[in-house]
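User: I would like to go through this model with attention to charged side chains and burial. Please reason through each answer before giving the value or name.

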Amino acid sequence: MLNLLMEVTESVEEFIKLYNNDVDDLIKNELLHFKQFWEQYKLELDGSDIHKIFEWMNNCDIINIFPNIHIAIRIYLTIPIANCS
């Protein structure tokens, strides 16, 4: 469990460094709160379906509560899956 936490922390730090013009350090707290929010409301969404989570965030108007997470999801959805030469 500790290794997983360390990996997640390192990944978030790298994400912040890479996208420092888009997200800030508050994303760390947002992720903790979002996890609690998700567990509390036992959402019926598949957590691996990022498109559904994005739509849900827009429909429920919680973008202002988790702005950095919303930006991170938008970045994820716009990253190309493959390169063409």
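**Charges and burial in a predicted model**

Analyst: To begin with one pair, Glu39 forms a salt bridge with Lys35, and their closest N and O atoms are 2.6 Å apart. The model is a predicted one, and this distance is a computed value within it.

User: Which helix holds Glu39 and Lys35, and how many residues apart are they?

Analyst: Glu39 is partly exposed, with a relative accessible area of 42%. The separation of Glu39 and Lys35 corresponds to about one turn of the helix. Both residues lie in helix H2, and they are 4 residues apart.

User: How many salt bridges does the chain have by this rule?

Analyst: The rule asks for a side-chain nitrogen of Lys or Arg within 4 Å of a carboxyl oxygen of Asp or Glu. Glu39 with Lys35 meets it at 2.6 Å, and Lys17 with Glu14 meets it at 3.8 Å, taken from N to O. Lys28 and Glu13 also form a salt bridge, with their closest N and O atoms 2.6 Å apart. By this rule the count comes to 3 salt bridges.

User: Which parts does the pair Lys28 and Glu13 tie together, and how many residues apart in sequence are they?

Analyst: The salt bridge joins Lys28 to Glu13 at 2.6 Å between the closest N and O atoms. Because Lys28 lies in helix H2 and Glu13 in helix H1 (residues 2-18), the pair ties together parts of the chain that are 15 residues apart in sequence.

User: Is Lys17 buried or exposed?

Analyst: Lys17 shares helix H1 with Glu14, 3 residues apart, which is about one turn of the helix, and the side chains of the two meet in a salt bridge. Its partner Glu14 counts as partly exposed at 48% relative accessibility. The cut-off for the exposed class is over 50% relative accessible area, and because Lys17 has 58% relative accessibility, Lys17 counts as exposed.

User: What is the nearest side chain of opposite charge to Glu30, and how many Å away is it?

Analyst: Glu30 is found in helix H2 (residues 26-41), and Glu30 is buried yet has no salt bridge. A salt bridge would need a side-chain nitrogen of Lys or Arg within 4 Å of a carboxyl oxygen. The nearest side chain of opposite charge is that of Arg74, 11 Å away.

User: Which residue has its backbone nitrogen 3.1 Å from a polar atom of the side chain of Glu30?

Analyst: Leaving aside neighbours within four places in sequence, Glu30 is in contact with Ile65, Phe66, Pro67, Asn68 and Ile69. The backbone nitrogen that lies 3.1 Å from a polar atom of the Glu30 side chain is that of Ile69.

User: Is His70 buried or exposed?

Analyst: His70 is found in helix H4 (residues 67-78). Not counting residues up to four places away in sequence, His70 touches Phe54, Met57, Asn58 and Ile63. Since the buried class is set at under 20% relative accessible area, and His70 has 5% relative accessibility, His70 counts as buried.

User: How many Å apart do the centres of the positive and negative sets lie?

Analyst: The secondary structure of the chain comes to 4 helices and 0 strands, and buried residues make up 22% of the 85 residues. The chain has 6 positive and 14 negative side chains, and the centres of these two sets lie apart by 2 Å.

Methods
Residues are numbered from 1 along each chain as its sequence is written. This is a predicted model: local features need pLDDT of at least 70, side-chain atom pairs count only at pLDDT 80 or more; totals for chains, interfaces and linings use all residues. Side-chain values use heavy atoms; hydrogens and water are left out. Helices (H or I, at least four residues) and strands (E, at least two) are DSSP runs, numbered from the N terminus. Buried means under 20% relative accessible area, exposed over 50%, partly exposed in between (1.4 Å probe, protein chains only). Lys and Arg count as positive and Asp and Glu as negative; His and the chain ends are not counted. The place of a charge is taken as NZ of Lys, CZ of Arg, CG of Asp or CD of Glu. A polar contact is a pair of N or O atoms within 3.5 Å; within protein, one must be able to donate a hydrogen and the other to accept it, and residues adjacent in sequence count only if both atoms are side-chain atoms. Contact means heavy atoms within 4.5 Å.
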